[in-house]
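Here is a short report on one protein–DNA model. Please read it beside the coordinates.

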Amino acid sequence: MLESFERIERSFYEREPLRVTEELLGKYIVRETPNGKLVGKIVETEAYIGPYDKGSHAYNNKRTKRTEIQYGERGFAYIFAIYGKNVCFCVVIGRKYVPAVALIRAVEPVSGIELMKKNRETEDIKNLTNGPSKFCQAFGITKNDYGTDLCTSQNLYLVKGEAIKSSEIARSKRINIDYAEEWKDKEWRFYIKNNEFVSRF
DNA sequence: CGACCGATCCTC
DNA sequence: AGGATCGGTCGT
């Protein structure tokens, strides 16, 4: 299935942010753990483009300890805590000093499903990875993974997958950013049509 | 150091 | 539809 298992190189991320966000669909995220390997196919993403996007943590170039990684090179992991126990996983896709990230909102479980069930404490496959924090929980992603270089890490990385036809891709407004004023209506969310692991239909 | 609040999830 | 839950951030 993953014969090629070719890691995504940095040049993939070094392109126009919305295009990268869309083309992450169909790629695979791999997590190596002492208890086994977890693999998921990315089925839903969102773009956050800091300098002018009021939905972004780095809006107006806000630079704090949390957002610092967004100001570095592309292909690194931006992970943030939200609502207590939860974290979300993003990939830095803005060129140096220009904060921008692609949020991975949902993946389709591919392998390591038993371990995902254990991590999520549920047997319901549909409920393992169909949300940004659910997927992180299933994959054991924590704040410790903040700043990981996805192009060189042995524990957490992205690999090439099937190209998704544009006719199979849907686009919409982003989720849960009502505070973002005029930017909340930007259609910067991408997902694979009719995929049952997308967070919301 | 206290207060506010969220790129969510879960249960009702 | 509403509560849980706590780290990041900022103001005092």
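The sections below cover the basis of the values, the two DNA strands, one helix, the cysteines and one loop residue.

## Basis

This is a predicted model: local features need pLDDT of at least 70, side-chain atom pairs count only at pLDDT 80 or more, and totals for chains, interfaces and linings use all residues. Residues are numbered from 1 along each chain as its sequence is written, chains are lettered from A and ligands numbered from 1 in the order in which they are written, and side-chain values use heavy atoms, with hydrogens and water left out.

## DNA strand B

The surface near DNA strand B counts 22 residues. Near means that a heavy atom of the residue lies within 4 Å of the molecule or strand. H57, R120, K134, N176 and Y179 come nearest. Of the strand B atoms within 4 Å of the protein, 52% are sugar and phosphate. By class, this surface has 11 nonpolar, 8 polar and 3 charged residues. Nonpolar covers Ala, Val, Leu, Ile, Met, Phe, Trp, Tyr, Cys and Pro; charged covers Asp, Glu, Lys and Arg; the others, Gly among them, are polar.

Several polar contacts (pairs of N or O atoms within 3.5 Å; within protein, one must be able to donate a hydrogen and the other to accept it, and residues adjacent in sequence count only if both atoms are side-chain atoms) can be listed. The side chain of N86 places a polar atom 3.2 Å from a base oxygen of DNA strand B. The side chain of R105 has a polar atom 3.2 Å from a phosphate oxygen of DNA strand B. At P132, a polar backbone atom is 3.5 Å from a phosphate oxygen of DNA strand B. The elements giving two or more residues to this surface are β3, β4 (86–92), β5 (100–111) and α4 (132–139). Helices (H or I, at least four residues) and strands (E, at least two) are DSSP runs, numbered from the N terminus.

## DNA strand C

Around DNA strand C lie K62, T64, R66, Y83, G84 and K143. Sugar or phosphate supplies 80% of the strand C atoms within 4 Å of the protein, and bases supply the rest. The classes here are 1 nonpolar, 2 polar and 3 charged residues.

A side-chain N or O atom of K143 is 2.7 Å from a phosphate oxygen of DNA strand C. For R66, a polar side-chain atom lies 3.0 Å from a phosphate oxygen of DNA strand C. G84 uses a backbone N or O atom, 3.3 Å from a base oxygen of DNA strand C.

## Helix α4

In α4, 6 of 8 residues are buried. Buried means under 20% relative accessible area, exposed over 50%, partly exposed in between (1.4 Å probe, protein chains only). The buried ones are P132, S133, F135, C136, A138 and F139. Their cover includes β1 (28–33), β2, β3, β4, β5 and α3 (113–120). G140 follows α4 and has a positive phi, near 65°.

## Cysteines

The structure holds 0 disulfides, a disulfide being a pair of cysteine sulfur atoms within 2.5 Å. The C136 sulfur is 6.1 Å from its closest cysteine sulfur, in C88, too far for a bond. C136 is buried, at 1% relative accessible area.

For C151, the closest cysteine sulfur is in C90, 16 Å away, also too far for a bond. C151 is buried, at 15%.

## Loop residue E73

E73 sits in the loop between β2 (36–49) and β3 (77–82). E73 is partly exposed, at 38% relative accessible area. Leaving out residues up to four places away in sequence, E73 touches V92 and K96; contact means heavy atoms within 4.5 Å. K62 is 11 residues from E73 in sequence and 17 Å away in space, C-alpha to C-alpha.
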